Amino acid sequence: MSDSLVIIPTYNEKENIEKIIRKVFSLNYAFHLLIIDDGSPDGTADIIKTLQLEFPKQLHLEERKGKLGLGTAYIHGFKWALSRNYEYIFEMDADFSHNPEDLIRLREACVNGADLAIGSRYVKGVNVVNWPMGRVLMSYFASMYVRWITRIDIQDATAGFKCYRRLVLETIPMHKIKFVGYAFQIEMKFTAIKYGFNVVEVPIIFTDRTEGTSKMSTRIFREAFLGVIQMKVNSWFRNYSR
């Protein structure tokens, strides 16, 4: 039994899914994987089911019907993890934009005292590969905007590569997490900090996907932009004691 579960949401990731699974299982630590697939019409889930025959104890699959959003996928995964004995619970993308080797570094950060470790693109300059300059600037200034509105001291506020200690996810009331797109990543960091958890940033190099299709959209960006203000205002009326 592993103490570490990596949650990967998928939608149409047939080009990447087998490679990312095999890479995680080749690491020098025994991670388990939970893939949450939102009804990918390209057969992503079928590839995972075939690999489950090879990795029956380490590889898990939860299938949902239709695209229900990144945030709800992770919350589904968090609840799945908390019903089992995992101490360290990770978020990671399927497309190799997050280097699986860095899972070990994120885990070490939590073992050494962090409650939430964030794989950060911006804690030491700008460490992004293969992104067009427009997207780099949008991401970088989005994090500046989040810091300005929320007053949280996180350089990469929109990062989606993270390791949580179990206690963080047991403490945060998931039914109060409102956002489903990339604003979900901001809301989870903000909420963890409001509850007084120790959040640290671990520098990583982010490499844009080379296969498959990005899920970013104008609607997701708009949710994040407007949602940060709403989230900050709502926090004035919440009790974050634990």
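**Exercise 1.** Find the glycine just after helix 4 and say what its phi looks like.

*Solution.* Go to the end of helix 4 in this predicted model. Just past that helix sits Gly-113, and its phi is positive, at about 125°.

**Exercise 2.** Work out which residues of helix 4 are buried, where they lie around the axis, and what covers them.

*Solution.* Step one: run through residues 102-111 and pick out the buried ones, which gives Asp-102, Leu-103, Leu-106, Arg-107, Ala-109 and Cys-110. Step two: look at how they are spread around the axis; they take up an arc of only 155°, so they sit on the same side of helix 4. Step three: check what lies over them. The cover includes helix 1 (17-25) along with strand 1 (4-10), strand 4 (88-91), strand 5 (116-120), strand 7 (162-165) and strand 8 (199-203).

**Exercise 3.** Why is there no bond between the sulfurs of Cys-110 and Cys-163?

*Solution.* Start with burial: Cys-110 has a relative accessible area of 3%, so it is buried. Cys-163 is buried too, at 0%. Now take the distance. The cysteine sulfur closest to that of Cys-110 belongs to Cys-163, 3.6 Å away, and that is too far for a bond because the cut-off is 2.5 Å. The count for the structure is 0 disulfides.

**Exercise 4.** Is Gln-185 buried or exposed, and which side chain does its own side chain meet in a polar contact?

*Solution.* First place the residue: Gln-185 is in helix 7 (residues 183-194). Its relative accessibility is 2%, so it counts as buried. Its side chain makes a polar contact of 3.0 Å with that of Glu-91. Beyond four places in sequence, the contacts of Gln-185 include Leu-70, Tyr-74, Thr-158 and Lys-162.

Definitions and conventions: Residues are numbered from 1 along each chain as its sequence is written. This is a predicted model: local features need pLDDT of at least 70, side-chain atom pairs count only at pLDDT 80 or more; totals for chains, interfaces and linings use all residues. Side-chain values use heavy atoms; hydrogens and water are left out. Buried means under 20% relative accessible area, exposed over 50%, partly exposed in between (1.4 Å probe, protein chains only). Helices (H or I, at least four residues) and strands (E, at least two) are DSSP runs, numbered from the N terminus. The arc is that of the directions from the helix axis to the C-beta atoms. Contact means heavy atoms within 4.5 Å. A polar contact is a pair of N or O atoms within 3.5 Å; within protein, one must be able to donate a hydrogen and the other to accept it, and residues adjacent in sequence count only if both atoms are side-chain atoms.
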